[in-house]
Amino acid sequence: MSQTPDLKALTEAAVVAVLRAPDPDSALRGVDALVAGGVTGIEITYSTPDAPSVIAEIDRRYGDRVVLGAGTVTTPAQATEAVEAGARFLVSPGTTEELARALLATGVTTLMGALTPSEVIRVSELGAHAVKIFPASLGGPGYLKSLRGPFPNIPFVPTGGVNESNIGTWLSAGAVAVGAGGELCSGADLAAGRYSEIEDTARRFADAVRQWRQA
């Protein structure tokens, strides 16, 4: 595994907001709220309707001010169209050889999902730039710390079960960044238009990262 420029950007962002929005407009407004709150790692999942157009609009609005990616990428076609729309990293919840080839062929940073040690080895063999530990809530930070024992040089990005109270624990356990979905920007909040609440939560996440770095 190699440290690519966008993986470095993800590490600097520390928090990647995983958006599963009910429609494109709420996704865009949710991103506006997240960025206003200080969260600049943005992952638009393919469970969001018309995800490529959302990615393209975010890229147009924010450019390099955000670290923009596509998540829940499960087909080669999605990988190609996401990068064409402006995604600079791709995330798959699981791993297959065909999908790994397609994601890596795009030339952007690739995170592939794994949970067990055998799956981690397979992701590494296939050449992904980082391992998405998912669902990370099953093992918690202690599980990630245990994985770091046999795999000290593999970048891990746990997703699931991350909130502003435990983000420092995840980072201390060895995560290069964390993915946060419903705990940061839930589909319910997006559907209800609670964008001020999303901004406030983003600010708490950003503050938690800042405090961890200063500790």
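# Exercises on a predicted protein model

Arg-61 and Glu-57 both belong to helix α3 (residues 51–62), where they stand four residues apart, about one turn of the helix. The model used in these exercises is predicted.

## Exercise 1

Work out how Arg-61 and Glu-57 are paired, and whether each one is buried or exposed to some degree.

**Solution.** Begin with the distance: the closest N and O atoms of Arg-61 and Glu-57 are 2.9 Å apart, and a salt bridge requires such a nitrogen to lie within 4 Å of a carboxyl oxygen, so the two residues form a salt bridge. Next, take the accessibility of each partner, remembering that buried means under 20% relative accessible area. Glu-57 has 19% and therefore counts as buried, whereas Arg-61, with a relative accessible area of 31%, is partly exposed.

## Exercise 2

Find where Glu-97 and Arg-101 lie and what joins their side chains.

**Solution.** The first step is to locate the residues: Glu-97 and Arg-101 are in helix α5 (residues 97–105), four residues apart, which means that about one helical turn separates them. The second step is to look at the side chains, which meet in a salt bridge with an N to O distance of 3.4 Å. Finally, Glu-97 has a relative accessible area of 43% and is partly exposed.

## Exercise 3

Describe the pair formed by Asp-189 and Arg-194, and then name the residues that salt bridges with shared partners join into one network.

**Solution.** Asp-189 and Arg-194 form a salt bridge in which the closest N and O atoms are 2.6 Å apart. Asp-189 counts as buried at 18% relative accessibility, while Arg-194 is partly exposed at 32%. Turning to the network, salt bridges that share partners link Asp-32, Glu-57, Arg-60 and Arg-61. The structure as a whole holds 12 salt bridges.

## Exercise 4

Decide whether the radius of gyration of the protein chain agrees with that of a compact globule, and describe the chain as a whole.

**Solution.** A compact globule of 215 residues would have a radius of gyration near 17 Å, and because the protein chain has 16 Å, the two values agree. The C-alpha atoms fill a box of roughly 45 × 40 × 25 Å along the principal axes, and the chain contains 11 helices and eight strands. Of its 215 residues, 53% count as buried. Among contacts with a separation of 6 or more, 58% come from residues 24 or more positions apart.

Terms used: Residues are numbered from 1 along each chain as its sequence is written. This is a predicted model: local features need pLDDT of at least 70, side-chain atom pairs count only at pLDDT 80 or more; totals for chains, interfaces and linings use all residues. Side-chain values use heavy atoms; hydrogens and water are left out. Helices (H or I, at least four residues) and strands (E, at least two) are DSSP runs, numbered from the N terminus. The radius of gyration is taken over C-alpha atoms; the globule rule is 2.2 Å times the number of residues to the power 0.38. Buried means under 20% relative accessible area, exposed over 50%, partly exposed in between (1.4 Å probe, protein chains only). Contact means heavy atoms within 4.5 Å.
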